[in-house]
Amino acid sequence: MSRESININLEAADDSDIDAMAELWAEAFPERPAERRARELREGMVYGNLSDCWIVRIDGRMAGALRTYRFTTHFWGRAYPAMGLAGVATAPDFRRRGIGRRMCEAALHIARERGDVFSVLYPFRTSFYRDLGYALVGSLHRYRFHPDELTTYPGWDRVERAPDNGRELARAVYDAVAPTTNGLLARTERMWTFLDAPENYLYVHRNLRDEITGYVVVRGKGGSPDTSALYVRELVARDREAYLALLGWLSVQRDQWSNVVYDAVRGEDFQRRLSHPRTLGSGSPRGLWFHSAHLLRGPMLRVVNLEKLLDDAVPPAGSDGV
């Protein structure tokens, strides 16, 4: 069957499609089995539910599927509706026929029709999505270091295990910080369920006025004294005082953990906070140079509705906006 002979009609998925979608995604993305995927589709996923799922049928078979999550994301002090494109998968015997690309084009049309301004995704292959108008917009530097290489900043002793209402406290911090950033999502209650995972632990920073001004989510991975690691899942602070105090708290974990794994955004200049940012166990990749961090790329972003974006960026007539 040639590309030209295939008619792509993106259909909204329903309950009868759950098992076939779960099998398709489990084959395309084998990190989660079909049974778990089917359960998520029936009960709801972290970022959406069955109403966000779309399929393509060819000759009565499911040839492809994707998800179009509904997000609100922050840019330049404003909140914008956005489509999270995810789970783009084509059945193995329907590949190389342009189905994936045409599904994505149809999804972008859906996003524009429902009023989204942006589309965001984490790519399986950047070249595929670049051809669809997406561009890489984010990066993280993953540092792995011994805790004593990080300064024990003051205020670390005001970091404490979150109380029973810790989720609400963390959410208040996040909701205050997100509008001042570029790219953070407005989180729903379901998006906060990652705190329920038994391996994740939440700690909060309390300032001298008894206000919660920051939090950190960590999980530990045991092993030998040389390989045990404390992974920082998330660190959010309302001010510099809270940020440094949380870093100081990571430093004092040296009695239990040999390594800390921390993903820093570019603006942190995190390498300046380490006494020596050489990656543990790394050699010299080039002469006397040393390896300091792994570079993580993503997400990719595309403007879906430029007219709406420009309209929102222009202050209304008679306003004091600049």
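Okay, let's start on the surface: Val 303, Leu 306 and Leu 310 together make a nonpolar patch of about 250 Å². Keep in mind that this is a predicted model.

Let me stay with Leu 306 for a second. Leu 306 sits in helix α7, which covers residues 306-313. So is Leu 306 buried, exposed or partly exposed? Its relative accessibility is 47%, and because exposed means over 50% and buried means under 20%, Leu 306 counts as partly exposed.

Now on to the sheet. It's an open one with 7 strands and mixed pairing, and the order goes β8-β9-β10-β11-β12-β7-β13. Which strands stand at the edges? Those are β8, residues 159-161, and β13, residues 294-297. Each has a single partner strand, so one side of each has no neighbour in the sheet. Going from one strand to the next, the twist averages 30 degrees.

Let's zoom in on one pair. Strand β9, residues 201-206, runs antiparallel to strand β10, residues 212-221, and 6 bridges link the two. If you want a spot to look at on screen, find Leu 202, which stands opposite Val 217 in β10.

Then there are the helices on this sheet. Helix α5, residues 166-177, packs on it and touches β9, β10 and β11, with β11 being residues 229-237. The direction of α5 makes about 115 degrees with that of β10.

Helix α6 is residues 240-251, and what does it lie across? The strands are β8, β9, β10, β11 and β12, the last of these being residues 259-265. Relative to β11, helix α6 runs at about 170 degrees.

Note on methods
Residues are numbered from 1 along each chain as its sequence is written. This is a predicted model: local features need pLDDT of at least 70, side-chain atom pairs count only at pLDDT 80 or more; totals for chains, interfaces and linings use all residues. Side-chain values use heavy atoms; hydrogens and water are left out. Patches are made of residues with over 30% relative accessible area and no salt bridge: like charges are joined within 9 Å, nonpolar side chains (Val, Leu, Ile, Met, Phe, Trp, Tyr) within 5 Å. Accessible areas come from the Shrake-Rupley method with a 1.4 Å probe; for residues, only the protein chains shown count as cover. A salt bridge is a side-chain nitrogen of Lys or Arg within 4 Å of a carboxyl oxygen of Asp or Glu. Helices (H or I, at least four residues) and strands (E, at least two) are DSSP runs, numbered from the N terminus. Buried means under 20% relative accessible area, exposed over 50%, partly exposed in between (1.4 Å probe, protein chains only). Two strands pair if DSSP finds at least two bridges between them. Axes are lines fitted to C-alpha atoms, for helices over the stretch in contact, and angles run from 0 to 180 degrees between N-to-C directions. Contact means heavy atoms within 4.5 Å.
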